[in-house]
Amino acid sequence: MPNVHLRNTIVGQVATQLETITKANNYSRNVNRVFTTPPNTINTPTPAVVITQGTETSTDYIGSIVERSLLVNLSFVDSYAGDDADGEALEFLADIQTAMGSILSLTVSGTRSSGGAGSISVRIEEDGNSLNFGDPIRGKIYGVASYRIIYRTSAADPGLLP
C-alpha cells in the first residue's frame, strides 16, 4: 500500500503529541481521547480531538524524491456549561496550537528507498481554524484546526524515505 506506513507514522506522532494536552502539562484541560478514526460525533466522549486526514498533494522535488503536503484537520469537542462558549473553545484551540507548535518540525524514522534505515524532517504549518461554527450543539464547544504536514518520500514508493 503506497504511503501508508510513512504517512501513518507521521499522523501517529501528531496523535501522541496531542495526548500531552493535560493539566499536569500546564494546559487548560486533560485530553486523553485522541481519535484517528472518527467516532460518532454526537456521542464522542469529551474532551476529545479527532484527527482526519484530508487531501495530500505531491510535487516533484529532486530526481526520485517527491515532496508531499498532507492536510490534517484536528477537530475538537468538549462539554460546556458556562457563559462564554467562544472563550472556552478558543482556550481549547490555544491548547492544540501550543501542542502542535512544539512539533513544527519532527523527525520520522523509516526505511530508505536505497535500503537501510534513515530519518527525515517533517514540517507542520497551521492552515487555518474555526470555532463553534454551524448549528450550536447544546452543552458542547467545538472547532477545528487545520494543519499542513510537509514531508519528502521516494517517488517510486511513497511509503519509503528518499
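## Arg152 and its partners

Arg152 is partly exposed, with a relative accessible area of 28%. That value falls between the 20% cut-off for buried and the 50% cut-off for exposed, so "partly exposed" is the right term. The model is predicted.

What does Arg152 lie over? Arg152 sits over the face of Tyr61, 3.6 Å from the centre of the ring. Arg152 also forms a salt bridge with Glu67. In that bridge the closest N and O atoms are 3.2 Å apart. The pair links distant parts of the chain. Glu67 belongs to strand β3, while Arg152 belongs to strand β6 (residues 140-154), and 85 residues separate them.

## The sheet

Where do these strands stand? Six strands form an open sheet in the order β1-β2-β3-β6-β5-β4. The pairing is mixed. The edge strands are β1 and β4 (105-111). Each has a single partner strand, so one side of each has no neighbour in the sheet.

Strands of a sheet pair through backbone hydrogen bonds, either parallel or antiparallel. Here, β1 and β2 run parallel and are joined by two bridges. Val34 stands opposite Val49 of β2. By contrast, β2 and β3 run antiparallel, with 12 bridges between them. Ala48 has Val77 in β3 as its bridge partner.

How many residues lie between β2 and β3 in their hairpin? There are two. One residue in the turn, Gly63, has a positive phi of about 55°.

In a regular strand the side chains alternate between the two faces of the sheet.

## Salt bridges

The count of salt bridges comes to eight. One of them joins the side chains of Arg68 and Glu56, at 3.7 Å from N to O. Arg68 is in strand β3 and Glu56 is in strand β2 (residues 48-62), so the pair ties together parts 12 residues apart in sequence. Is each partner buried or partly exposed? Arg68 has 10% relative accessibility, so it counts as buried. Glu56 has 22%, so it counts as partly exposed. The cut-off for buried is under 20%, which is why the two get separate labels.

Glu88 and Arg29 form another salt bridge, also listed at 3.7 Å from N to O. Again, distant parts of the chain are linked. Glu88 is in helix α2. Arg29 is in the loop between α1 (4-18) and β1 (34-35). The two are 59 residues apart. Glu88 is partly exposed, at 28% relative accessibility. Arg29 is buried, with a relative accessible area of 6%.

Which residues are linked with this pair in a network of salt bridges? The network holds Arg29, Asp78, Glu88, Glu91 and Asp95.

## Aromatic pairs

The model has two aromatic pairs. One is formed by Phe76 and Phe92. Their ring centres are 4.8 Å apart, and their planes meet at 50°. This pair is tilted. Phe76 is in strand β3 (residues 65-79), and Phe92 is in helix α2 (residues 85-101). They are 16 residues apart, and their pair links distant parts of the chain. Both Phe76 and Phe92 are buried.

Why is the pair of Phe133 and Tyr142 edge-to-face? Their planes stand at 85°, and planes over 60 degrees apart count as edge-to-face. Their ring centres are 5.7 Å apart. The two rings have separate labels for burial. Phe133 is partly exposed, with a relative accessible area of 42%. Tyr142 is buried, with a relative accessible area of 11%.

## Around Asn132

Asn132 lies in the loop between β5 (117-131) and β6. What does its side chain meet? A polar atom of the Asn132 side chain lies 3.3 Å from the backbone oxygen of Ala85. The side chain of Asn132 also makes a polar contact with the side chain of Asp86, at 2.8 Å.

Leaving aside residues up to four places away in sequence, Asn132 touches Ala85, Asp86, Ala89, Ile141, Tyr142 and Gly143. Tyr142 has appeared before, as the ring paired with Phe133.

Definitions and conventions
Residues numbered from 1 in each chain as written. Predicted model: local features only at pLDDT ≥ 70, side-chain atom pairs only at ≥ 80, totals over all residues. Heavy atoms only, no water. Phe/Tyr/Trp six-rings, centres within 6.5 Å; stacked < 30°, edge-to-face > 60°. Helix = DSSP H or I, 4+ residues; strand = E, 2+ residues; numbered from the N terminus. Buried < 20%, exposed > 50% of the residue type's maximum accessible area, 1.4 Å probe, protein only. Lys NZ or Arg CZ within 6 Å of the ring centre and 35° of its normal. Salt bridge = Lys/Arg side-chain N within 4 Å of Asp/Glu carboxyl O. Polar contact = N/O pair within 3.5 Å; in protein donor to acceptor, adjacent residues only side chain to side chain. Contact = heavy atoms within 4.5 Å. Pairing = 2+ DSSP bridges.
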